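Here's a quick tour for anyone about to load this one into a viewer. Have a look at the sequence and the fold first, then read on.

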Amino acid sequence: NNPPWPAYRGYHEYSFAHATMGVRLPTILGKAIDDTVRTLNEQSDEEKIIDLVKCIERMDELMTDLSGNAKLRPIIDDNEADVALWNKEIAKYFQGKDFMNAPWLFAEAYKYRRLHEAFSVSKFWQDYDVFYRQKCDTFSRSSDAVFELSMRFAEPFTLAANLSDGERLEAERLMFLELTQVCLWGNSTDLSLLINMTEEQIKALQSTGGDHLAATEKNILGNHLPQLWETVRDLRAKTGGRIDFVLDNAGFELYCDCVYADFLIQSGLAKQVRFHGKRIPWFVSDVTRKDWNWLLNTMLYGQLFSNASEQERESLRRLGERWKKYEREGKWVYEQHPFWCTGYTFWELHAEAPDLFLHLSRSDLVIFKGDLNHRKLTYDCAAPASTPFDVAIGPMASAAGAPKVCSLRTIKSDVVVGLESDEIAEKLDKEEPGWKISGKYAVVLLSEGRPG
Ligand code: F6P
Ligand code: MG
């Protein structure tokens with residue numbers, strides 16, 4: 001039950017897989033080691049120090065394996081919920097494969113699991129997150145866009161009382177389209193690509209104004225926004241639906257996701273939003289429970305933005321308070337299934353994590369954020385750009401019980417599907433080399449699912 005197109009692999013020199021496996025992953029690992037050394041130098045307890053030195057040694061071994069293109073060995077049994085899934089997959093499909101000739105998607109995920117293993121087998125450092133400092137830091141450098149949104153959305157969403165039903169619906173539609181784009185483009189600031197961004201670069205990526213959004217809509221190459229609105233609009237008939245977000249990055253992107261989810265709740269389009277995060281530090285900037293808690297608490301109690309006005313701080317606090325209230329009321333639910341941090345694509349979700357599939361099948365709409373989720377949905381393979389989205393995602397569209405699935409993704413890697421024609425991609429290949437990794441283009445694609 002695989003797609004007919006070949007999966008990208010590290011030795012494919014024409015693909016972003018090659019640069020990622022050969023250069024980006026060792027760079028990311030090097031920075032992770034630097035972060036841990038910094039933590040080591042802050043310690044005073046001898047037992048903890050010795051334990052952390054061992055973690056660093058295990059990261060060094062991983063570096064040797066990665067740069068020497070070693071064979072992929074099983075994950076050490078560290079009692080984690082996902083270890084059986086990992087070793088089953090390695091034994092079944094990747095016996096004897098190395099970092100460069102295993103499928104890129106698998107080899108890259110494997111690297112993050114091995115990085116976690118360096119800590120999970122320790123005594124004191126099992127939950128250490130080598131990317132945590134970076135994640136917090138980038139949010140603190142996103143002040144302009146953070147306050148632009150909080151100043152606009154701290155006040156509860158209301159529509160003027162004198163509007164007709166038609167006018168109300170139109171106002172809601174416009175707000176929905178705008179916030180869907182805020183949520184979409186919030187994905188351009190992932191940390192794995194933009195390792196050393198300046199504040200100016202962050203600002204340029206995060207501009208959220210209305211004119212800017214009109215201009216960026218033309219960069220959405222496969223655009224199901226109208227169908228997405230119709231789907232969400234119709235949820236109200238059921239007195240609000242359940243919408244799930246399979247999250248991507250922490251910090252600013254998560255903040256944008258929450259602004260969007262806040263609107264979905266306030267407008268009554270959704271009565272519950274469920275957020276799915278990662279159990280372990282993942283692909284540098286992905287959301288863990290700690291990142292989720294950090295965001296909500298820093299909005300309420302933090303002192304990250306020294307130059308902000310009292311009014312700006314207050315707007316952020318009010319948003320944070322409202323979001324925490326949603327959590328207490330069960331309108332927002334944060335969860336973290338182990339399957340999200342495995343090497344499996346979502347073609348295998350129904351078979352390898354049937355409990356999760358069943359859980360998602362009860363949702364009215366599952367929104368997958370970001371590039372990695374899109375690669376997993378599409379099997380990260382060389383499908384033609386005109387492949388319809390529901391064909392490209394296989395069982396996530398066709399298995400009995402498949403929910404409606406939407407991918408909100410800025411394009412940062414090779415796989416591109418859901419375009420009107422192959423020519424659009426061919427033209428960009430010629431005129432704008434690098435268009436598939438710049439994050440300048442995006443897709444908003446919807447699959448109708450298949451009721452069970
Ligand atoms: O290393 C490549 C990659 O896995 C790509 O999917 C993308 O370039 C990046 O890392 C992660 O992007 P995102 O955070 O949007 O999934
Ligand atoms: Mg990510």
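What follows covers the ligand site, then the sheet, then the helices lying across that sheet.

## What sits around the ligand

Keep in mind that this is a predicted model. Ligand 1 has 17 residues around it, and the closest of them are Glu-108, Asp-371, Leu-372, Arg-375 and Lys-412. Sorted by type, that shell comes out as 5 nonpolar, 5 polar and 7 charged residues.

Which side chains put a polar atom by an oxygen of the ligand? Arg-24 is one of them, with a polar side-chain atom 2.8 Å from an oxygen atom of ligand 1. Asn-249 does likewise at 2.9 Å, and for Asn-187 the distance to a ligand oxygen is 3.0 Å. As for exposure, ligand 1 on its own has 390 Å² of accessible area, and the protein covers 99% of that.

## Where the shell comes from

Three helices each give two or more residues to the shell around ligand 1: H1 (16-40), H4 (104-120) and H16 (370-377). Which element supplies the largest share of the shell? That's H16, with 4 residues.

## The sheet

Now for the strands. There's an open sheet of 7 strands, and if you walk across it the order is S1-S7-S6-S5-S2-S3-S4, with mixed pairing. The edges are S1 (220-223) and S4 (332-335), each of which pairs on one side only. On average, neighbouring strands here are turned by 15° against each other, ignoring direction.

As a general reminder, strands in a sheet pair through backbone hydrogen bonds, and they can do that parallel or antiparallel. At the S1 edge, S1 and S7 (residues 442-447) run parallel and are joined by 3 bridges. If you want a spot to zoom in on, Asn-223 stands opposite Val-444 in S7.

## Helices across the sheet

Two helices are worth picking out here. H11 (residues 252-266) lies across S2 (241-246), S3 (270-276), S4, S5 (365-369) and S6 (405-410), and runs at about 160° to S3.

The other is H16, which lies across S2, S5, S6 and S7 and runs at about 130° to S6. That ties the two halves of this tour together: H16 lies across strands of the sheet, and H16 also gives the ligand shell its largest share of residues.

Technical notes
Residues numbered from 1 in each chain as written. Chains lettered and ligands numbered in written order. Predicted model: local features only at pLDDT ≥ 70, side-chain atom pairs only at ≥ 80, totals over all residues. Heavy atoms only, no water. Near = heavy atom within 4 Å. Polar contact = N/O pair within 3.5 Å; in protein donor to acceptor, adjacent residues only side chain to side chain. Areas by Shrake-Rupley, 256 points an atom, 1.4 Å probe, with all protein chains shown as cover. Nonpolar A, V, L, I, M, F, W, Y, C, P; charged D, E, K, R; others polar. Pairing = 2+ DSSP bridges. Axes fitted to C-alpha atoms, helices over the stretch in contact; angles between N-to-C directions. Contact = heavy atoms within 4.5 Å.
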